[in-house]
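Hi,

Here's the structure I promised to send over. Have a look at it first, and then read on for what turned up when I went through it.

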Amino acid sequence: MTSSSPDFLFGSAARLVLISLLAALGACGGSEQTETAPDADRGAAMRAHMQAHFDSFPSLPPELVEKIERGEISQADVDARVARGEFPKFFQFKTPADLPEGLVWEDGMDLPDLGSPDAKKGGTLYASLADFPRTLRLFGPDANGSFRPWILDDTRMLLGRRHPNDTSIDANGNFRYFPGIAEAWAVDRANRTVFVRINPKARFSDGVPVTSDDMMFSLYFWHQPFIQAPWSNNFFKRNFTHITRYDERTFSMTLPEAKPNMLGRVLELEPLPMHFFADFGEDYVQRYQWEFVPTTGPYVIEPDDLKKGRSVTLTRLDDWWAKDLKFWRNRFNTDRIHLTVIRDTAKTFEAFRKGELTMFGLGLPEYFYEKLPATDPLVADGYVDRAVFYNQIPRPTYGLWINSGRPLLDNREVRVGINYASNWDKVIAEYFRGDYTRMRTTADGYGEFTHPTLHARPFDVEKALEHFAKAGFTNRGPDGVLVNAEGQRLSFTLSTGYESLKDVLTILRQEALKAGLEFRIEVLDATASWKKVQEKQHDIHFSAFNVSPEMYPRYWETYHSVNAYDVPWLPDGSVNPNRKLKPQTNNLQSIANPELDALIEAYQASDDVEEMKRLAFRMEELIYDDGSFVPGFVVPFMRVGYWRWVRWPEDFNVKLATTLTEYFLFWIDDGIREQTLDARRKGEKFPVVDEVYEQYREQ
């Protein structure tokens, strides 16, 4: 999960080749022809580092990982058991002859292609950033911000990707996937294992082939605590029991459970370039802070294209290895993506009107109905087109994230009172003109996994006052804010990184005061805002996580106590009085509930759909009861204005699109651009284009 950026919704918007691991580690299976590294010293150091760690790297049972996270067993005890050889190796080496018989290999090539065959290559997409990125690292501190889609989520290839229009489920309980880096795959559900064969043409952007060794290294990388990415550390320790290398292009990954869509757990990964991380170690965060990691995708960032504080430019590779492959050939069409830092939404809109930006999100009603309506000359004269596109996705979690680790907010009665004092219905009716709907739970849009009857608490002053009174807030001060017997005011900082939605907070503040609650509004730039919540320095934060179109929601990263505190519980299960808030996790509510922890662990361990649904419903009920999340709104569509030289496929976008640019299906027609600019100078007009695409609209 990443923080959800409203950019297109709301308008802000030392290379070497190492000898293969198989040869380096002296594994069985004979020798391979390899290329010698030009920098022998660095290559030798990396090989020695990997060998020393691979041989002693254990495969720990998930339940033991969870005990370590909870502080119920010391790392020293685990290390002693590892030294005694109690656990199998996480990294295993076999030969092609060891592959199981009867594997059914699939490649997804029967699925429909993506994009339009009419798409043209060329041109530049001009877009904006609300703030300059704080790092080019893909993992670790400051890597999970709004710049992430441009260099990771949307522009890099995975082993395979879920088809965004075919949302069916196969006989083995998996979604349908199309190939990326992988050429083919096979599932051995009985043994909880996914086998992958890498496309022999797959290359990183520096020309180095992608191999099984890169996948082996990636698992090693994601396990290391010094990358300072707790989510990655736990996810890969908890969700994979071992990885096996069969040859340079074939590997398998084994999971602890045969969960629904276990195929996606493996295919939705991207190997990291082992050769690039020759100096990988405890100084990772500083060493790779501004290093662009070679990608298997189409775009790279050259050193001269990173203008600190001003802009970032991505350039499409002319020789991108996947440019002619089905599912990829009609996408990523622009030669360049130029991202300019514009911190103010109004200035961003003006830049769009001047033609300095290619498109602008019209999700905010004021822009769709007032600032760029169908009657605006730019639209009426046919220079700028508008589109509304309805999608079908799990919904980003827009709402108020209450940090229950802060004074007063650690009182459930206060949190529940805040729920009743937050008038989201008025925000939706007045600010969003009724176009949006109220979010019900933390997991809306997951079909049968979404709680069928739970609803967000409505705005109710009397109920808010009732709960505040139970927390000791019974008297109002001269400014109308409730005060307790110690003289503490019922006042909290409500922060956000959504400058374009600051008026939403104004409505919430005005309405909350009716219940004696004061919101002190703090609007930060997107990067500073996310850094604040990742460091758990917020009181209440208005934000959202942009969730992936998965089969079922995740709960561990956002709601397990190990992501709230360093050591949440004492060995006897009681609250650790010396616990400290844990930074760099997605548990923004600092929620710590033993019952919820147990349900999350059972949910992760289950491979039964009906049991998982029951657990998910009960978890939602506990989260509702805790009151640390105030559900906000659901945006069922995307609205955009774009200059007419931007072209789209006939159906505009795909069902599972979470942003307009996610699948890069559009293209820039420079011929139409010149035609449009010339016509505008002469006062000539074009037909109006103001389309609504409802083929995926949910009733």
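Let's begin with Thr 244: leaving aside residues up to four places away in sequence, this threonine touches Gln 92, Lys 94, Thr 250, Phe 251 and Ser 252. Before you read too much into any contact, keep in mind that this is a predicted model. Thr 244 sits in strand β8, which covers residues 242-247. Is Thr 244 buried or exposed? Its relative accessibility is 2%, and anything under 20% counts as buried, so Thr 244 is buried.

Three of those contacts, Thr 250, Phe 251 and Ser 252, take us to strand β9. β8 and β9 form a hairpin, with two residues between them. The two strands pair in the antiparallel sense over five bridges, and within that pairing Ile 243 stands opposite Met 253 in β9. β9 also pairs with strand β7 (residues 193-198), again antiparallel and over five bridges. There, Val 196 is the residue opposite Phe 251.

How much of β9 is buried? Five of the five residues of this strand (250-254) are, so β9 is largely enclosed by the rest of the structure. Thr 250, Ser 252 and Thr 254 point one way, while Phe 251 and Met 253 point the other way, and all of them are buried.

Phe 251 turns up again in the surroundings of Met 215. That methionine is in helix α7 (residues 212-223) and is buried, with a relative accessible area of 0%. Not counting residues up to four places away in sequence, Met 215 touches Leu 159, Trp 222, Ile 243, Phe 251, Leu 269 and Pro 271. If you'd like a sense of scale, the C-alpha atoms of Met 215 and Ala 421 are separated by 49 Å, with the two positions 206 residues apart along the chain.

Next, have a look at strand β13 (residues 336-341). One face of β13, made of Ile 337, Leu 339 and Val 341, is covered, and the other, with Arg 336, His 338 and Thr 340, is uncovered. What does β13 pair with? Strand β3 (residues 124-129) runs parallel to β13, with six bridges, and Ala 127 stands opposite Leu 339. Strand β12 (residues 311-316) is joined to β13 by five bridges and runs antiparallel; here Thr 315 stands opposite Arg 336.

Further along the chain there is an open sheet of five strands, in the order β21-β20-β22-β16-β24, with mixed pairing. The edges are β21 (518-523) and β24 (629-631); each has a single partner strand, so one side of each is left without a neighbour in the sheet. On average, neighbouring strands of this sheet are turned by 25° against each other, direction ignored. Inside the sheet, β16 (residues 399-402) and β22 (residues 540-543) pair in the antiparallel sense over four bridges, with His 541 in β22 as the bridge partner of Trp 401. Helix α17 (residues 502-512) packs on the sheet and touches β16, β20 (491-496), β21 and β22; the direction of α17 makes about 170° with that of β21.

Finally, the domains. The domain assignment gives domain 1 as 90-120 + 130-298, domain 2 as 344-391 + 636-693 and domain 3 as 399-634. The centres of domain 2 and domain 3, taken over C-alpha atoms, are 35 Å apart. Where they meet, 13 residues of domain 2 are in contact with twelve residues of domain 3. About 1,100 Å² is buried between these two domains, and carbon and sulfur atoms give 52% of that area. Which residues of domain 2 supply the most? Leu 364, Pro 365 and Pro 636 supply 38% of the area that domain 2 buries against domain 3, more than any other three residues.

There is charge at this interface too: the rule finds two salt bridges across domain 2 and domain 3. If you want a salt bridge to look up in the viewer, try Arg 639 and Asp 435, whose side chains meet at 2.9 Å, N to O.

Cheers

Key: Residues numbered from 1 in each chain as written. Predicted model: local features only at pLDDT ≥ 70, side-chain atom pairs only at ≥ 80, totals over all residues. Heavy atoms only, no water. Pairing = 2+ DSSP bridges. Axes fitted to C-alpha atoms, helices over the stretch in contact; angles between N-to-C directions. Contact = heavy atoms within 4.5 Å. Buried < 20%, exposed > 50% of the residue type's maximum accessible area, 1.4 Å probe, protein only. Domains from an automatic or database assignment. Buried area = accessible area lost by both parts, 1.4 Å probe. Salt bridge = Lys/Arg side-chain N within 4 Å of Asp/Glu carboxyl O.
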